[in-house]
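User: Please take a close look at one part of this model, a single helix together with what it packs against and the loop that follows. I would like one connected account rather than a list.

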Amino acid sequence: MGAKRKHRSYFYRRLFLLVILLVLIGGVATGVTLTQQNSSGQLSQGSWNKLYLLKTEHLATPIKGILDAIGTQNYNSLTNSCQQLSQDAANARTWPPLPDKLAAPYFSKLINSFGQIAVDCDGVTARLRAQESPQAAIKKMLAEMSFASQQMKDIISLI
């Protein structure tokens, strides 16, 4: 029982780190004051931030829901959070690229990681519906969350 509780608290620490990173990106990125398009028609960093930054921060909400559902073994909630993350990641893929050329590839990889987490999460819920053990899929999904967290750190260091 103690190992399970310790394992759960480790996931919450990782989630907390991810949320903090998202908030930090918001704080750093909103410091940019340009708000117009450049000569190539691409959004300035400030305009991109105004249009998409809050949406980016909302990507952490289904991640928290996934971790909470795993921790409480509430698999209906897990299914809902997986579906929400899948929709949010698909929407994020339609956004214009991040104007910061150094951070843009990292941000793109981050959105792809969120999409992969959603796919793996759907795999977990499918195994649960089939009454199979989802532990391997959960482990893979959590590893991808850790990778996404590292990508957020990389973006912050670039900004």
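**Helix α3 and its partner**

Analyst: In this predicted model, helix α3 passes α4 in a left-handed crossing. The two elements, α3 at residues 60-72 and α4 at residues 75-92, pack at an angle of about 160°, with their axes 8 Å apart. Since angles over 145 degrees count as roughly antiparallel, that angle makes α3 roughly antiparallel to α4. On the side of α3, the contact is made by P62, I63, G65, I66, A69 and I70, and these residues meet S77, L78, S81, C82, Q84, L85 and D88 of α4. Sorted by class, the contact between α3 and α4 comprises eight nonpolar residues, four polar residues and one charged residue.

The burial of α3 can be read beside that contact. A60, P62, I63, G65, I66, L67, A69, I70 and G71 are the buried residues of this helix. An α-helix has 3.6 residues a turn, so residues three or four places apart point the same way. As for its length, α3 has 13 residues, which at 1.5 Å a residue should span 18 Å, and the 18 Å between its end C-alpha atoms agrees with that expectation.

Just after α3 comes Q73, with a positive phi of about 55°. This residue lies in the loop between α3 and α4, and its positive phi occurs in a residue other than glycine. With a relative accessibility of 44%, Q73 counts as partly exposed, because that class covers values between the 20% limit for buried and the 50% limit for exposed.

To place this part in its setting, the protein chain has six helices and zero strands, and along the sequence its pattern is α-α-α-α-α-α. Of the 159 residues in the protein chain, 41% count as buried. Among contacts in the protein chain with a separation of 6 or more, 68% come from residues 24 or more positions apart.

Helix α6, at residues 135-158, offers another length check: its 24 residues reach 35 Å from the first C-alpha to the last, close to the 34 Å expected at 1.5 Å a residue. Buried residues of α6 include A137, I138, M141, L142, E144, M145 and A148, and S149, Q151, M152 and I155 of that helix are buried too.

How values were computed: Residues are numbered from 1 along each chain as its sequence is written. This is a predicted model: local features need pLDDT of at least 70, side-chain atom pairs count only at pLDDT 80 or more; totals for chains, interfaces and linings use all residues. Side-chain values use heavy atoms; hydrogens and water are left out. Axes are lines fitted to C-alpha atoms, for helices over the stretch in contact, and angles run from 0 to 180 degrees between N-to-C directions. Helices (H or I, at least four residues) and strands (E, at least two) are DSSP runs, numbered from the N terminus. Angles under 35 degrees count as roughly parallel, over 145 as roughly antiparallel, 65 to 115 as roughly perpendicular and the rest as oblique. A crossing is left-handed if the near helix is turned anticlockwise from the far one by less than a right angle, and right-handed if clockwise. Contact means heavy atoms within 4.5 Å. Ala, Val, Leu, Ile, Met, Phe, Trp, Tyr, Cys and Pro count as nonpolar, Asp, Glu, Lys and Arg as charged, and the others, Gly among them, as polar. The expected span of a helix is 1.5 Å times one less than its number of residues. Buried means under 20% relative accessible area, exposed over 50%, partly exposed in between (1.4 Å probe, protein chains only).
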